[in-house]
Structures are given as C-alpha cells and as structure tokens.
Amino acid sequence: MDTGIKKIIDEVLSGRIIESDEIRTLYAVTLFSEEFFYIQWAGRKMSEECSGGLAEVHGQVGVNSGPCTGNCAFCSFAAANKVFVEQKVEVTEEIIRKCLTLMKNGANAIYLMSTATFSFDRFLEISKLVYRELGGSVPMIANVGDFDYEIALDLKAAGFTGVYHAMRMGEGQATRIDPKKRLGSFAAARKAGLILGNCVEPIGPEHTLDELVEKTISPGKLNRSSVVPCVE
Ligand code: SF4
C-alpha cells in the first residue's frame with residue numbers, strides 16, 4: 001500500500017482534520033486498489049464510532065413526475081433529457097399507501113419529493129394529508145425546489161421536520177439554478193427551524209478532482225451551523 005496515503009488515513013482516524021490537498025489525494029486513488037478499500041474501511045469505522053453502530057433507513061416517495069425546467073444535466077426529470085414527457089401527479093391515496101408501507105417496514109424518516117417547478121400549494125395540500133395518516137410517528141422530510149422563508153414556515157406547519165437540500169456539483173453550470181438561490185433556501189430552512197439534510201452530490205466521473213475537493217470542503221465554509229451531515 002502507498003505509505004503516504006496510509007499515513008493520511010491513519011492520522012484522520014486519530015482525529016486530525018484533513019486538508020484539501022489530502023482530500024484530493026484520497027479522491028485520486030485507483031478504483032478497487034488496496035488504498036481504495038483502506039479508505040472504505042476507515043470511513044466505515046468512523047461512521048460506526050460516530051453512530052454507535054446504528055444506522056438510519058430513510059424512504060422517499062415521489063409526489064409528481066414530469067419534465068422540469070431546472071434542467072440539471074444529471075437528472076432524469078430535466079426537460080432537456082427528454083425522459084419524462086408529461087406532467088403527472090401521483091394519486092394521494094397511493095402516496096399515503098407507499099409512505100405507510102415504508103413506515104411499517106422501519107423507515108426512520110419519510111421523504112416526500114417533488115420536481116422543482118411543482119406547485120408548492122399542491123405539495124403542501126398532499127403533505128398535510130400524508131402527515132395526518134402517519135400520525136407524526138416518523139419525521140417527514142421535504143425534498144423540493146428552492147423556497148423562501150414563508151414557504152419554509154408552511155412546510156413546518158404541514159408537519160415537516162426538515163428538508164433535504166443540496167448545493168449540487170456544478171450548480172449554476174450543470175443546472176439552471178443560481179447557487180445563491182440554493183443558499184437562500186438553506187437560510188430559510190434554518191430560520192424556520194427546519195433540519196437541513198445536505199450532501200456532496202451527485203458524484204460522477206464527469207466531475208473534476210478540483211470540483212470534488214471544493215464541494216467537499218465548501219458546505220462547512222458557507223454555513224457550518226446550518227448544515228448537518230447527510231440524511232439520505
Ligand atoms: S431541479 Fe430537481 S427535479 Fe428539476 S431537473 Fe434539477 S434535480 Fe431534477
């Protein structure tokens with residue numbers, strides 16, 4: 001094994017904060033190499049220690065499907081990708097049935113997802129019905145388009161514990177959404193008292209090492225107090 005890489009990983013396991021050039025080194029390891037599996041082992045060990053060996057299982061139900069003008073290059077809902085050609089809203093009873101099934105099977109949180117341009121009023125209407133059926137026994141998380149403080153309050157009033165919202169890789173370039181809008185939603189969620197789930201995503205071979213490193217460290221720089229580790 002590359003001793004330099006092993007040293008970085010061992011020091012991180014001992015509690016040292018990782019530097020950007022070291023993150024870059026770890027991202028660059030060869031797939032399925034010894035170093036690759038050592039990183040996975042270390043990541044698993046750190047997660048286990050943080051969580052006491054417990055994990056959460058979150059389930060997501062789509063409220064609608066259809067072409068979305070957000071046009072994120074990586075998304076099957078992007079209008080430009082022509083995967084979905086017509087707008088469709090799921091039958092509310094079916095959404096509730098799926099949520100109840102997830103809950104009965106042990107999901108620790110239920111996500112309701114819509115495309116970015118779906119009507120918030122309709123989303124809230126459906127969400128309130130879902131919340132009533134779930135009886136508040138499992139946290140509900142909204143995975144929706146960008147929103148302001150008023151909508152964040154509406155989401156909270158509808159029964160949501162939090163939102164999943166991310167500044168995606170290549171935001172504003174691979175997407176048609178201004179990064180400032182994403183950060184505005186972060187702030188609105190925080191102000192309204194919603195938990196914010198966040199990830200570095202989506203990660204694919206289309207991203208450069210520089211992007212991966214920058215996005216790995218930037219959420220903490222942007223607004224550390226409003227960001228909690230990935231909930232998805
Ligand atoms: S905004 Fe969301 S739903 Fe719309 S294309 Fe982008 S990722 Fe897909």
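**Salt bridges, a ligand shell and some individual residues**

Let's start in helix α1, which spans residues 3-13: Lys6 and Asp10 sit four residues apart there, so about one helical turn separates them. This is a predicted model, and in it the side chains of Lys6 and Asp10 meet in a salt bridge, with an N to O distance of 2.7 Å. How exposed are the two partners? Lys6 has a relative accessible area of 33%, which makes it partly exposed, and Asp10 is also partly exposed, at 25%. Both values fall between the 20% that bounds the buried class and the 50% beyond which a residue counts as exposed.

Helix α1 offers another pair to look at. Lys7 forms a salt bridge with Glu11, and their closest N and O atoms are 3.1 Å apart. The spacing will look familiar: Lys7 and Glu11 are four residues apart in helix α1, so about one helical turn lies between them. Here the lysine is exposed, since Lys7 has a relative accessible area of 52%, a value over the 50% cut-off. Its partner Glu11 is partly exposed, at 25%.

Next comes a pair that reaches across the sequence. The side chains of Asp210 and Arg24 form a salt bridge, with 2.3 Å between N and O. Which parts of the chain does this pair tie together? Asp210 belongs to helix α8 (residues 209-223) and Arg24 to helix α2 (residues 20-27), so the salt bridge links parts that are 186 residues apart in sequence. Arg24 is partly exposed, with a relative accessible area of 33%. Salt bridges can also share partners, and in this way Lys7, Glu11, Arg16 and Glu22 are joined into one network. For the wider picture, how many salt bridges does the structure hold? The total is 14.

Between helices α1 and α2 there is a loop, and Ile18 is found in it. Ile18 is partly exposed, with a relative accessible area of 28%. Setting aside residues up to four places away in sequence, Ile18 touches Ile8, Val12, Ile23 and Leu26. If you would like a sense of distance across the model, go from Ile18 to Ile151: the two are 133 residues apart along the chain, and their C-alpha atoms are separated by 37 Å.

Now turn to the ligand. Where does it sit? You will find it in the second largest pocket. Around the ligand are Cys68, Asn71, Cys72, Cys75, Ala78, Thr115, Ala116, Arg168 and Ile177. By residue type, this shell has six nonpolar members, two polar ones and one charged one.

One of the shell residues, Asn71, deserves a second look for its backbone. Its phi is near 45°, a positive value in a residue other than glycine. Asn71 lies in the loop between strands β2 (64-65) and β3 (88-89). Is Asn71 buried or exposed? Its relative accessible area is 15%, so it counts as buried, the cut-off being 20%.

The loop between β2 and β3 also holds Lys82. Phi of Lys82 is near 55°, which is again positive in a residue other than glycine. As for its surroundings, Lys82 is exposed, with a relative accessible area of 66%.

Moving along the chain, we come to Thr92 in helix α4, which covers residues 92-104. Thr92 is buried, at 13% relative accessible area. Which residues does Thr92 contact, leaving aside its neighbours within four places in sequence? They are Arg122, Ile126 and Leu129.

Our last stop is Ser114, found in the loop between strand β4 (109-113) and helix α5 (120-134). With a relative accessible area of 8%, Ser114 is buried. Once neighbours within four places in sequence are left aside, Ser114 is in contact with Asn64, Phe123, Asn143 and Val144.

Key
Residues are numbered from 1 along each chain as its sequence is written. This is a predicted model: local features need pLDDT of at least 70, side-chain atom pairs count only at pLDDT 80 or more; totals for chains, interfaces and linings use all residues. Side-chain values use heavy atoms; hydrogens and water are left out. A salt bridge is a side-chain nitrogen of Lys or Arg within 4 Å of a carboxyl oxygen of Asp or Glu. Helices (H or I, at least four residues) and strands (E, at least two) are DSSP runs, numbered from the N terminus. Buried means under 20% relative accessible area, exposed over 50%, partly exposed in between (1.4 Å probe, protein chains only). A residue is near a molecule or strand if one of its heavy atoms lies within 4 Å of it. On a 1 Å grid over the protein atoms alone, a cavity is a set of points where a 1.4 Å probe fits but cannot get out, and a pocket is an open set with protein on both sides within 12 Å along at least five of seven lines; lining residues have an atom within 4 Å of a point. A molecule sits in a cavity or pocket if more than half of its atoms lie within 2 Å of its grid points. Ala, Val, Leu, Ile, Met, Phe, Trp, Tyr, Cys and Pro count as nonpolar, Asp, Glu, Lys and Arg as charged, and the others, Gly among them, as polar. Contact means heavy atoms within 4.5 Å.
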